Amino acid sequence: MDIVKAIETYVNKMVSTPSAMKVLLLDSHTTPIVSLASTQSVLLSHQVYLTDRIDNMKRERMPHMKCVCFLQNNEDSLEALEEELKEPKYGEYYLYFSNILSKAVIERLAEVDEYEVVREVQEYFADYCPILPSLFSLNHIPSASKPLYGSSPNSWAPPALESAVEGITALLLSLKKKPIIRYERMSGMAKKLATEIQHRIQAESSLFDFRLTQVPPLLLILDRRNDPVTPLLSQWTYQAMVHELLNIQNGRVDLSNVPDISKELKDITLTTSTDPFFQSHYLATFGDLGTTLKDYVQKYQEKSLATSASSINSISDMKRFIEEYPEFRKLGGNVSKHVALVGELSRLVGLNKLLEVGEVEQGLATSAGADYRATQAVIMDNSVPADNKLRIVMLYALRYQKTQTNNIANLIKLLLENGVPAEDAKLVYVLLNIAGSDQRQDDLFSTESFLAKGRSALKGLKGVENVYMQHRPHLAQTLENVFKGRLRDTGYPFLDGQGGPNASMQRPQDVIVFMIGGATYGEARTVTLFNQDPASVMDGPGISPGSVRVILGGTCVHRSSSYIEMIRSAAVNFPATVYDPPPESSSNAPALNLNLGGVNVSLGGPAGTGVYRTSNEGINVQADGLRDGVLNLIDKVKQGVDRIGIQ
C-alpha cells in the first residue's frame, strides 16, 4: 500500500499517451497532486513540454500539440474545460478526471465537443495528495472561507464532507480496497462520513468488485477532537520540525525570510521521493540530525577534492570528471539545502526557546505531569513568543481541566498580562468546549500501562528523543488495540451491518486511518514505525515486522499554528457559549468572559496551590547538556560548510 507509487502510476499512464509532443493542463486541485507524484524531468521524458492551468486564458494556440487534461470534476474546472473545447487551442484532447464521473457530466462534455477533438475520457482515481508512501492529505486546511465544521463541532460543512467522501473513495479505488468501516462513537462527524462512504461504495458496486481477503481491510475514521494534544506539541524529528517551524506546502518550503539565504535556496523542494538524504533521515531526531548532516558534508568535501583540477591528470580522469560532475553538482545543491534548513531550525529553536518550552510541553502531555510554576515561568518569559505561551496554557488546561480550574483561569489572566491578545487567550476555553474531557471518548492522560511506565523508566534518559519525545500520539494506542484485537466496538463501532459477533477481535493486515480535522507528522511517524517495526511503538509483545500495513490520511496535515487557526475560524460559526468557561470551570473558578465583540474580562480568586510533578532537577540537568551538545554540533556543521564554500 504505497500511495505515492499509486499516484505516480496514474500520472505516468496519463502522460504516456499519446506518444507525441504534448501539453499537460491541470487545475488548482490536481496541480499539487501531480507535483508530489512526479518531476519535471519525468514529464519531459514523456514528451510533456508545457504544463499549465486550464483556467489560464492567455495560453497560445498550438494546434500541432496534443493536450492531456487532468482535472477534478468540480464546477469551476468543468466550466473552464467547456470554454477550452468550444475554442480548442490544441489538436487533440485526452481528458482524465480524478474521481468518478456521472453520466450527466459526460453528456455535458460531448455537447460542447463540436470540433470532435476529444479522443479519450477516463477516470484516474488520484483525488488526494500523496505526501509519504503511508501519508496522504486532502489539502483542505480549514479557514473562514473553506470551513470544515458546520454550526457545531459535531456537524460537517457540506462541501467539506463531499470533499472527504470523494478523497477517501478515490484512495480506496486506487489501492483496490473494499473495507469494513469503524468510527469513533462520540464523533457525529465520523459516523456521518462513514455512512456516506458506505453509500458511495454501494452505489458504485461495480467499481469496488475486488478480490475478497480472509480478513477484510479496515477503514478507521477518527476525529481530531479525541486527541487535541498531539497537534499542539513542538516537534523534534526532521520533517515534522520543518513543517512546524517553516511549513511544508505541497512538498515545497519557503525560505525567503531566512536571514542571509542565497537566492537559489529561497524556495526549495523537500520530498522523500526526490531527495535521498531526506528519504534516509526525515524521521531523524533533532539530536541525531547534527551528526548525520556532518557526515553528509564530509562526503561532499571528499567528492569536492576528488573533482578538483589537481586530481585531473589524464584523459580518463577528464572522462570520469565529465561523467560524475552532474551528480557532484546535484550533491552540492542538496548539501547546501539541508545545511540551510538545519541551520534555520537551530536558529529558531534558540530564538523561540523551544528546548525550554518543549520540556514543559512534554511534562504536560505525558504521565509525568508538569507543575503550575513551570507553566507560569514560560508565560512570564519575555523571550518566549506569544503563540508558544498560548500552546502551553492550552496543554495545561486539557490536562488539568477537571482538577485545577482556578489555575487555568489565572494562567489565562497571566497570558493577557504577558503579551497574548485577548482574542487568542479566549481560545483556551474554546478548545476545552470543543475537545475537552467531556467531548473526548478516551482519556489521553492515563493511556500508558503500568508496565509501559516501568519500561520507560528502565530505559533511562538516552538523549533528546527521551527528554523531548516522551509523548506518544494517541493513535499509537488505538492501532495497537486494532492489531491485538482489543479495539472495543463499544468505543469504535462498526458501521451498521458490518460487524459480526467476533468482528472486533479480528486482526486486519491492512488498515487505513482517516483523521477528520487533520493528521500530524508526529502521527505519520508512528504509522511509518508500525509498518517498519511495530514493536518499537507498542507496549508489551509486538507483532512481526511487515505483517501489517497502515496508511494515515487527514483533511490536512497540521502544525500547531494551523490547528489553532482551525479552532479560531470554526468557533465563529458555533453558539456564543463556546467562548464561556466549561461547566466545571464556571462553578469552581472565577468567571472569565471573553466575548467576540468588546472584550470584558472578569477574573478573580487566588491561584490554586500544589505541585503536580515530582522534582525534575535531574531532567533539567540532562536537558541542559543536551541543548548545549545539539546546538554546538549544528554550529560546527555550519562552520564546516562555510569553510568548504559551496557556491
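The following dialogue examines how terms are applied to this predicted model.

Guide: Because the model is predicted, local features need pLDDT of at least 70 and side-chain atom pairs count only at pLDDT 80 or more, while totals for chains, interfaces and linings use all residues. Residues are numbered from 1 along each chain as its sequence is written, and side-chain values use heavy atoms, with hydrogens and water left out.

Visitor: How many helices and strands are there in the chain?

Guide: The chain has 24 helices and 16 strands. Helices (H or I, at least four residues) and strands (E, at least two) are DSSP runs, numbered from the N terminus.

Visitor: Why is C67 called buried?

Guide: Buried means under 20% relative accessible area, exposed over 50%, and partly exposed in between (1.4 Å probe, protein chains only). C67 has a relative accessible area of 0%, so C67 is buried. C69, at 1%, therefore also counts as buried. Of the 647 residues in the chain, 54% are buried.

Visitor: Why do C67 and C69 not form a disulfide?

Guide: A disulfide is a pair of cysteine sulfur atoms within 2.5 Å. The closest cysteine sulfur to that of C67 is in C69, at 3.7 Å, so the pair is too far apart for a bond. A search of the whole structure finds 0 disulfides.

Visitor: What makes M21 partly exposed?

Guide: The relative accessible area of M21 is 43%, so M21 is classed as partly exposed. M21 lies in the loop between α1 (3–16) and β1 (22–26).

Visitor: Which residues make a nonpolar surface patch with M21?

Guide: L44 and Y49 join M21 in a patch of about 290 Å². Patches are made of residues with over 30% relative accessible area and no salt bridge, where like charges are joined within 9 Å and nonpolar side chains (Val, Leu, Ile, Met, Phe, Trp, Tyr) within 5 Å. A salt bridge is a side-chain nitrogen of Lys or Arg within 4 Å of a carboxyl oxygen of Asp or Glu.

Visitor: What makes a nonpolar core, and how many residues has the largest?

Guide: A nonpolar core is a set of buried Ala, Val, Leu, Ile, Met, Phe, Trp, Tyr and Cys residues joined through side-chain atoms within 4.5 Å. The largest has 104 residues, and Y128, W156, L193, I197, I221 and V428 have the most contacts inside it. Helix α6 (residues 158–175) gives the most to this core, with 10 residues. Another core, of 67 residues, lies apart from it and includes L222, L246, F286 and V527.

Technical notes:
Areas by Shrake-Rupley, 256 points an atom, 1.4 Å probe, with all protein chains shown as cover.
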